[in-house]
Amino acid sequence: MRINKFLASCGVASRRNSEQYVLEGRVKVNGKVVTALATEINLDNDTVTLDGKTVTLPKSHIYLMMNKPKGFICTLSDDRERKTVIDLLPDNYKSKRVFPIGRLDYDSEGLLLLTTDGDLANRLMHPGSDVGKTYVCKVEGQVPEADLAKLRKGVMLDGSLTKKAKIKLLEFDGEFSRFEITISEGRNRQIRRMFETVNKEVVFLRRVAIGDLRLGGLYRGETRELKPHEIEYLMKF
């Protein structure tokens, strides 16, 4: 097994981040630093360490769903000492090398997947995966249909067009519009920035689904293990 896949399978990080660890000289095999991404790991005989700590393949991976509240960031740690989603995990998961798949920004809430399976995380986060992510968002004022058409078709962010989006008006109460929106990308603060292009501010954003997996029955901050049929569904990507 190649070194990057081995590290990802151990739950260290995604394959891409695992490659970076190797290139930075942080990985040793049998006591020797390796920097070649083509390094093959013998699962029966080789001992692999990252930053001096031995990493091993888990007997079985962990797959979790969390209802992330606002005010938490989707990283393992933060140099600004902000709260992370790892702080919300039950104690029995905190030592299991669980990490979030993708992210929800600090001011957003809703469905977040966490796992020890770096290979799956890499597949789901890959730009070509086209996994739909569905959100409910509240926007100030009423959004003209012409502006919604622009957002559905794609707007320019970071020098390139966003992929087509599905947007459905759920309610307009005279002050705020509430939409269900599905996108298949994971650009930084994408939905908020999309609405900014039509001069509208998103005041509330909650992810309610990733593909066919829907958030339900979890209070804010709660976590549960994925059910076997949910894991099987994710493995299709």
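In the predicted model, Val139 has Val202 of strand β13 as its bridge partner. This pair belongs to the contact between strand β8 (residues 133-140) and β13, which run antiparallel and are joined by seven bridges. Strand β13, comprising residues 202-210, is also joined to strand β7 (residues 109-115), in this case by two bridges and in the parallel sense, with Gly110 standing opposite Arg207 of β13. A further pairing, antiparallel and extending over two bridges, is made between β13 and strand β14 (residues 213-214), where Leu213 of β14 is the bridge partner of Ile210. Strands β13 and β14 form a hairpin in which two residues lie between them, and Gly211 in the turn adopts a positive phi of about 60°.

The pairing of β7 with β13 is accompanied by a side-chain interaction, in that Arg206 forms a salt bridge with Glu109, with 3.5 Å between the closest N and O atoms. Arg206 in strand β13 and Glu109 in strand β7 are 97 residues apart, and the pair thus links distant parts of the chain. The two partners differ in their accessibility class: Glu109 counts as buried because its relative accessibility is 3%, below the 20% cut-off, whereas Arg206, at 26%, counts as partly exposed.

In total, 17 salt bridges are counted in the model. One of them joins the side chains of Asp158 and Arg193 at an N to O distance of 2.7 Å; because Asp158 lies in the loop between β9 (156-157) and β10 (160-161) and Arg193 in helix α5 (residues 190-196), this pair ties together parts that are 35 residues apart in sequence. Asp158 is exposed, with a relative accessible area of 60%, while Arg193 counts as buried at 17% relative accessibility. Another salt bridge is formed between Arg26 and Glu24, whose closest N and O atoms are 3.2 Å apart; here Arg26 is partly exposed at 29% relative accessibility, and Glu24 is likewise partly exposed at 43%. In addition, a network of salt bridges links Arg15, Asp119 and Arg123.

Leu213, described above as a bridge partner in β14, is also among the residues touched by Glu230, together with Met65 and Arg224, when residues up to four places away in sequence are not counted. Glu230 is found in helix α6 (residues 228-234) and is buried, with a relative accessible area of 8%.

At the surface, Met1, Leu43 and Leu57 make a nonpolar patch of about 230 Å². Leu57 is placed in the loop between β4 (53-55) and β5 (63-68) and counts as partly exposed at 35% relative accessibility.

Notes
Residues are numbered from 1 along each chain as its sequence is written. This is a predicted model: local features need pLDDT of at least 70, side-chain atom pairs count only at pLDDT 80 or more; totals for chains, interfaces and linings use all residues. Side-chain values use heavy atoms; hydrogens and water are left out. Patches are made of residues with over 30% relative accessible area and no salt bridge: like charges are joined within 9 Å, nonpolar side chains (Val, Leu, Ile, Met, Phe, Trp, Tyr) within 5 Å. Accessible areas come from the Shrake-Rupley method with a 1.4 Å probe; for residues, only the protein chains shown count as cover. A salt bridge is a side-chain nitrogen of Lys or Arg within 4 Å of a carboxyl oxygen of Asp or Glu. Helices (H or I, at least four residues) and strands (E, at least two) are DSSP runs, numbered from the N terminus. Buried means under 20% relative accessible area, exposed over 50%, partly exposed in between (1.4 Å probe, protein chains only). Contact means heavy atoms within 4.5 Å. Two strands pair if DSSP finds at least two bridges between them.
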